[in-house]
There are 4 protein chains.
Amino acid sequence: MVHSKAAVADGNGRFSIQTLEVAAPQGDEVLVQIKAAGICHTDWDSQSWGKPLVMGHEGAGIVTHIGPEVTSLLPGDKVMLNWAIPCHKCFQCQEGNQHICEVNSPVTAGNKASGGHATLSSTLLDGQPIERAFSLGTMSEYTLVREAACVKITVDMPFSSAAIVGCGVMTGYGSVVNAAKVKTGSSVVVLGTGGVGLNVIQGARIAGAAKIIAVDINPLRLEMAKEYGATDTVLADKADKGLMQAAQTVKSMTNGRGADYAFECTAIPELGAAPLAMVRNAGVACQVSGIEQEITIDMNLFEWDKVYINPLYGKARPQIDFPILQQLYAKGDLILDKMVTKTYALDQLGEAFADMHAGRNAKGVIVF
Amino acid sequence: MVHSKAAVADGNGRFSIQTLEVAAPQGDEVLVQIKAAGICHTDWDSQSWGKPLVMGHEGAGIVTHIGPEVTSLLPGDKVMLNWAIPCHKCFQCQEGNQHICEVNSPVTAGNKASGGHATLSSTLLDGQPIERAFSLGTMSEYTLVREAACVKITVDMPFSSAAIVGCGVMTGYGSVVNAAKVKTGSSVVVLGTGGVGLNVIQGARIAGAAKIIAVDINPLRLEMAKEYGATDTVLADKADKGLMQAAQTVKSMTNGRGADYAFECTAIPELGAAPLAMVRNAGVACQVSGIEQEITIDMNLFEWDKVYINPLYGKARPQIDFPILQQLYAKGDLILDKMVTKTYALDQLGEAFADMHAGRNAKGVIVF
Amino acid sequence: MVHSKAAVADGNGRFSIQTLEVAAPQGDEVLVQIKAAGICHTDWDSQSWGKPLVMGHEGAGIVTHIGPEVTSLLPGDKVMLNWAIPCHKCFQCQEGNQHICEVNSPVTAGNKASGGHATLSSTLLDGQPIERAFSLGTMSEYTLVREAACVKITVDMPFSSAAIVGCGVMTGYGSVVNAAKVKTGSSVVVLGTGGVGLNVIQGARIAGAAKIIAVDINPLRLEMAKEYGATDTVLADKADKGLMQAAQTVKSMTNGRGADYAFECTAIPELGAAPLAMVRNAGVACQVSGIEQEITIDMNLFEWDKVYINPLYGKARPQIDFPILQQLYAKGDLILDKMVTKTYALDQLGEAFADMHAGRNAKGVIVF
Amino acid sequence: MVHSKAAVADGNGRFSIQTLEVAAPQGDEVLVQIKAAGICHTDWDSQSWGKPLVMGHEGAGIVTHIGPEVTSLLPGDKVMLNWAIPCHKCFQCQEGNQHICEVNSPVTAGNKASGGHATLSSTLLDGQPIERAFSLGTMSEYTLVREAACVKITVDMPFSSAAIVGCGVMTGYGSVVNAAKVKTGSSVVVLGTGGVGLNVIQGARIAGAAKIIAVDINPLRLEMAKEYGATDTVLADKADKGLMQAAQTVKSMTNGRGADYAFECTAIPELGAAPLAMVRNAGVACQVSGIEQEITIDMNLFEWDKVYINPLYGKARPQIDFPILQQLYAKGDLILDKMVTKTYALDQLGEAFADMHAGRNAKGVIVF
Ligand SMILES: [Zn+2]
Ligand SMILES: [Zn+2]
Ligand SMILES: [Zn+2]
Ligand SMILES: [Zn+2]
Ligand SMILES: [Zn+2]
Ligand SMILES: [Zn+2]
Ligand SMILES: [Zn+2]
Ligand SMILES: [Zn+2]
């Protein structure tokens, strides 16, 4: 048993720093000493999910203990964490859709601990079991996870960079490469250049898109977009409903036809159908930001023959994709270090949230 | 020049039988003596398109004269007509999307004569040029079309059967085989068992779907659906908003998961998102009926990882697909003859429309 | 522990009927009472693999006991067996290639017990552990296998039919549907109409191939081919080297161009490249029969743009594919019962081999 | 009519510089003033094709006159030439295989003028019609070609760079992107780092391959390979039959498994099957160099589940792919200028051939 300082959500919109007791790993469980934990909007939201939670779903660290059934890891291994934690045996895992594992996904399971969670009673707060966000709970000095939540780090990479791979980087890159399967030489539009948008942009750059058009209402973000691979930018007007004017500009930049692919990364419900307006007939519109509201859609936007997809987590197969992301980083293609704009101590989580809401960071990371 | 009796729309909701003068073919044009012309809802609508039109977009007949540049047809050839009339050279044709040809499509061109139309001034009504619906105008004893509108009939097939291939049959079969690419052994749901729905069903049967679930509010149509290949049926309730109850029934029939594919063939705008509710995570929802209204969609329906497609005309490549449809008919796999419930003389078009609106026919066909 | 009468190969070309002692299942193991075991040429070969073996790699039966980690089966369940026995976690399993599992495949492992084998020491002959062929050893009253070797039978199907699914049926069907991905409406050539060839033919029929041309030197087999779905036949001449004359005939039947797909199912090394001669430019040639010799190939045969594939076991993912094969059987599409030409008692294995070598059976099956 | 100095092959292994008379364009023909013509081994070979030929199949220049049916070009347009010259209407063009057009391909047509050739009698030598190599004959001050042989140059690019796009660059890039469809993040082996090999390497780099292993027996070429994108190199031994030792080295660099893709670019017949030895189970082996001899192949190399492809001309669709290559050049991704090691006057063709045979150039180009 170890004591572990952690950020704990109360379920009613607040968090506090508490000390947990974490038991030794059983079965295929792994105890990881967290060295860095990424912060994203989902963490903020997780304060209000109606139940106490160990916060954090992005992280990297060092294995300290392993359960008796663990076969691929040893104490001392550096690991990056993923929240797909695939079971490998269900229908969706067999279909290659490990990110929507029918047994372990924290997302398809709804708001309850999924099969991917380590023994609930092995993490205690005030003597009571407490659930870990996304079966990970990375904003904690130690976390107890399933073996399938860990991918070994085999390249030279700071923990703060490793920590962010497992959410926005995978989501952006994977939406391009695994989901939309952007063809080399094609044209791509990216709506919204926040953290995920930048990773869509660099995914498109790595995949060899010939034209990458970033669209945002913030000129500073558009400048940043160029550093990640945007070849062109469109400064949108806040008053441009559904981005219809921006769509005209995009068309004028793509032979009057529209782009081959468009990715929606704004998390603005009204823009759920906007990527359809950006692509040519038979193009692919990809909604990345997880819009879940009811919205009104002009069905003409689907015409003609457009394909609309809505991938979760970049269709991550962590044991396949994370090593590739490590290789692309080592090769110099995948930008990570620069994306970590600022690091914080766990005690500074409040400040980190404030910076995030002010849009001051590409990505903030808590380091331990 | 030939005289040709034809059904002519006045643009204001009415039609009349008139006599046209049709000139000899120029360039790559072909003069076809129509032997049969299918009737569908689009023909009814075409009465109100704000301009006079020679009606009809489904047909088959015999080539009587060819223009000097025609290379693939001779007088006496039997042909079935298509309204894609691809140019073969534009971007979309090169991409394999002949059905949305950037030059010739009557649909992507909007409500004006597209590049696929034969010389406008070669069809005269009262001495004035008149446009042909979908560049075909098949409800006419003779029609002047481009060579690419014709596919030779090389199997033994009645003209009345050949006439219907070029619209609903191609759309249904192609939505399954070309667009959704239904995998052999998979499960398929079809919403709506009208003419196109029945062809989706038989497309799925030919493609080897293991389970084909037909959904309709009309029990008689469900019986008919079985003749075309449905293995299971769900009688939906008219009050079942968005078919959410039917979706539960479908899930119970598909391991609680939902089908691999769902096809919307109802032409009811409110059901535009219904196929999403029928498919499993990462399944394919295909909207076939051409919904073009604004509708409200719960974006949760796209989760998780569902694919939404909206193919036109079954992604027809007529010179590739129509000969295959002929082969499948000759082999006994594709049902056509039985689908032609009733034939009419041109003078009986009014009666034919009445039967269509009353739902009395699988398909009505005018014979000459 | 149960006593089990079994056919045992001596490794030097002979077999005998012996009595084994089989221990209770451990871990994820399952004890299956075999009701039927298919016989194929591999069984004959397995007599000469240099070591004693419990023979048989095709089988179906009833679960009698389960190990403590078994989650998907109960005693009394009817099961069909597969020899892929995927681990679900290795690179190839994650890629969807369960049939070449890096841990469990009996084929990629070479001639030694793979990870898919149940505890070796739990099957004893004369007190010594004995290996089971393909980790199954189905020619035995009882066999101890891993859970992943079993797929539950959920439709009404005789055990003798179930027994043959797990080898030639899966290989033939899967080569068409999973490997070559034959498109509905296309043309297919099948070289050799033995057991696997017939299953390729029926796979192509179920997938909706418009033309299925069977090629063989035996006119009786060609007649049988028609029952399984061949639309056309070519009687080849034994003197036709590389089937070059047959290829000309095939071309004349396919617009002078060649078929879209060709499958080699002859097990004649000299014909390894023959399917290339049968297909059109950019067509797919599929070698199904497992040729492993050195052969001379005219590289012109690959031109232009032909694709050559060599799938093992029809790219079987047993837990996905076997239930589909059951559904297709229940639906009447997959022919199984008729394929079992003759059944034998275990004591008649010698006679069964003799019938097989004489070509008297589509498929012989031992029943218990 | 213009006079045009040209390199003319005599069909018996020699060439000479002659003056042609070239007539004005008819129909869809275009008269191009050649500014640069690439030189490759095929040009050397073309001296011995048994008939007189205007040499050269790679070129770029300026349109000077157009035929009455030309719609996409005007005099003054800069163009790069392609030898696919697709008809757009045949079966293969409709299938997206314009590079093996059934009407116009100079390759599938065998050694005779194909449908892609401009009017034969419009190019005269000593008053007699003379054929142009690959329907282009670019080693000539002027060439008369079909409109479909021309792609407009719309970016800033030297003619000498434009001239080489239409053969080795397209072949290398297209083999990666269009044929093998290399997935971003995967591993690639390239056997042979001549002109085409370097373009395969840069194609793989642009497509985002994480590991690109170049294999050659020449250490200087391996250094050059790194400039084009190789991440690793293997210096092969000339005595390494079938590159079996190199294959072991490649495996040790790819988790012991083999690469995802291997491209054979050596033009050494004995290495026709070598890429199979380099790839993992279910990997893709691509023969790029056009081996047409009879060779002996150990069929075990195809196991397990390897895919062997043999694309021509990188599956070029010139009007789609050449503009993309222009964009990738303008973006700085596609290296062209540096690849043109040396330029020559037409009179120096003999010297250029000598340099080519000595391996002194990445690529030699004749400039006018
Ligand atoms: Zn799973
Ligand atoms: Zn996150
Ligand atoms: Zn077109
Ligand atoms: Zn219609
Ligand atoms: Zn495995
Ligand atoms: Zn077998
Ligand atoms: Zn062509
Ligand atoms: Zn060349």
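This passage describes a zinc site in chain A and the interface between chain A and chain B, as found in a predicted model.

The zinc ion (ligand 1) is held by four protein donors, namely the SG atoms of A:Cys87, A:Cys90, A:Cys93 and A:Cys101, which lie 2.3 to 2.4 Å from the ion. Along the chain, these donors follow the spacing C-x2-C-x2-C-x7-C. The angles among the 4 donor atoms range from 100 to 117 degrees, and the site is tetrahedral. For four tetrahedral donors, the ideal angle at a metal is 109.5 degrees. Among the zinc donors, A:Cys93 and A:Cys101 are both buried.

The contact between the two chains involves 38 residues from chain A and 38 residues from chain B. About 3300 Å² is buried between chain B and chain A, with carbon and sulfur atoms contributing 52% of this area. Within chain B, the greatest losses of area to chain A fall on B:Met299, B:Trp304 and B:Asp305, which together account for 21% of what that side buries.

Polar interactions also cross the interface. Between chain B and chain A, 21 residue pairs are in polar contact, and 6 salt bridges are found. One of the salt bridges joins A:Glu95 to B:Arg280, with the closest N and O atoms 3.9 Å apart. On the side of chain B that touches chain A, at least two residues each are supplied by α2 (91-94), β16 (279-287), β17 (294-298) and β18 (307-309) of chain B. Of these elements, β17(B) gives the most to that side, with 5 residues.

Terms used:
Residues numbered from 1 in each chain as written. Chains lettered and ligands numbered in written order. Predicted model: local features only at pLDDT ≥ 70, side-chain atom pairs only at ≥ 80, totals over all residues. Heavy atoms only, no water. Donors = N, O, S within 2.8 Å, 3.2 Å for Na, K, Ca; no water. Tetrahedral: all angles 85-135°; square planar, octahedral: opposite > 155°, others 65-115°. Buried < 20%, exposed > 50% of the residue type's maximum accessible area, 1.4 Å probe, protein only. Contact = heavy atoms within 4.5 Å. Buried area = accessible area lost by both parts, 1.4 Å probe. Salt bridge = Lys/Arg side-chain N within 4 Å of Asp/Glu carboxyl O. Polar contact = N/O pair within 3.5 Å; in protein donor to acceptor, adjacent residues only side chain to side chain. Helix = DSSP H or I, 4+ residues; strand = E, 2+ residues; numbered from the N terminus.
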